[in-house]
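Work through the exercises below with the model open. Try each task before reading its solution.

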Amino acid sequence: MDRYARWNALLEMLTDSGRVSVEEAAERLAVSQATIRRDFDQLAQQQMITRTRGGAVANGVSYDLPLRYKTAKHSAEKQRIGAAAAALVSPGTVVGLNGGTTSTEVARALAVRPDLNTNAEGAQLTVVTNALNIANELLVRSRMKVVVAGGVVRPKSFELVGPLGGALLREVTLDVALLGVDAIDPQLGAAAHHEGEAAMNNLMVARAKRVVIIADSSKLGGHAFARICPVDRVETLVTDSGAAPEVVEAFRAAGVHVICA
């Protein structure tokens with residue numbers, strides 16, 4: 001297990017229990033106590049946990065981990081969701097895509113579709129994104145036209161937020177917005193932890209003819225700080241087969257087409 005995977009596991013332990021000792025963490029992760037102490041010290045330096053004598057406690061920000069620490073969580077489900085969401089995209093369309101690990105899987109699935117990359121003279125697909133890592137995924141692996149909204153970079157998610165990006169988004173029209181979210185609920189709608197990301201995503205929703213939410217089953221029925229859009233604005237929800245049947249039915253009752261990948 002590499003360092004980032006350990007950090008992710010430690011933060012999940014703290015989220016579940018609120019407090020973890022060095023001895024307990026070392027036993028559960030099968031590493032030395034010295035390694036856990038170093039991990040705790042480094043996480044505390046980044047203000048992601050609070051160090052205590054003999055362990056650590058959660059400090060309230062671990063729900064919003066930096067993107068580079070999240071790659072291992074629900075990875076298989078996110079790959080299936082990414083492939084299913086990419087299959088909804090037709091050649092010649094304009095797609096909005098935000099940041100996050102699930103959106104990254106969508107970008108990778110789009111990049112390897114031959115029908116979207118056969119025309120060397122003109123783009124078979126235009127992608128508008130406010131995430132630097134998404135733009136990089138598409139630029140190095142495809143011939144798509146990539147448009148990046150401006151703004152201030154959020155280091156945790158690589159997303160650009162703020163009025164500079166909003167000015168661009170107000171001037172474009174999207175055929176479909178494929179949006180990763182931190183939570184989506186049949187009554188509360190789609191939401192994000194950070195208000196700046198939510199505002200950018202809301203602009204994509206406003207400029208899109210169709211809205212597709214991409215979210216693994218752990219995000220369903222949850223809530224987050226800032227709303228992106230109400231559920232009646234969502235045409236399709238792409239999730240994984242682990243979604244509870246009653247939750248899926250609640251979304252369908254709300255008029256959302258649900259795809260379980």
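Three exercises follow, each with a worked solution.

This is a predicted model: local features need pLDDT of at least 70, side-chain atom pairs count only at pLDDT 80 or more, and totals for chains, interfaces and linings use all residues. Residues are numbered from 1 along each chain as its sequence is written, and side-chain values use heavy atoms, without hydrogens and water.

**Exercise 1.** State whether the radius of gyration of the protein agrees with that of a compact globule.

Solution.
- Take the radius over C-alpha atoms; the globule rule is 2.2 Å times the number of residues to the power 0.38.
- For 261 residues, the rule puts a compact globule near 18 Å.
- The protein has 19 Å, which agrees.
- The C-alpha trace spans about 60 × 40 × 35 Å along its principal axes.

**Exercise 2.** Place Leu168 and classify its exposure.

Solution.
- Find helix α7, residues 163-169; Leu168 lies in it. Helices are DSSP runs (H or I, at least four residues), numbered from the N terminus.
- Leu168 counts as partly exposed because its relative accessibility is 26%. Buried means under 20%, exposed over 50%, partly exposed in between (1.4 Å probe, protein chains only).
- List its contacts (heavy atoms within 4.5 Å). Leaving out residues up to four places away in sequence, Leu168 touches Val128, Val147, Val148 and Ala149.

**Exercise 3.** Give the domain bounds and the separation of the domain centres.

Solution.
- Read the bounds, which come from an automatic or database domain assignment: domain 1 is 3-62 and domain 2 is 75-260.
- Take the centres over C-alpha atoms; 32 Å separate them.

Conventions: Helices (H or I, at least four residues) and strands (E, at least two) are DSSP runs, numbered from the N terminus.
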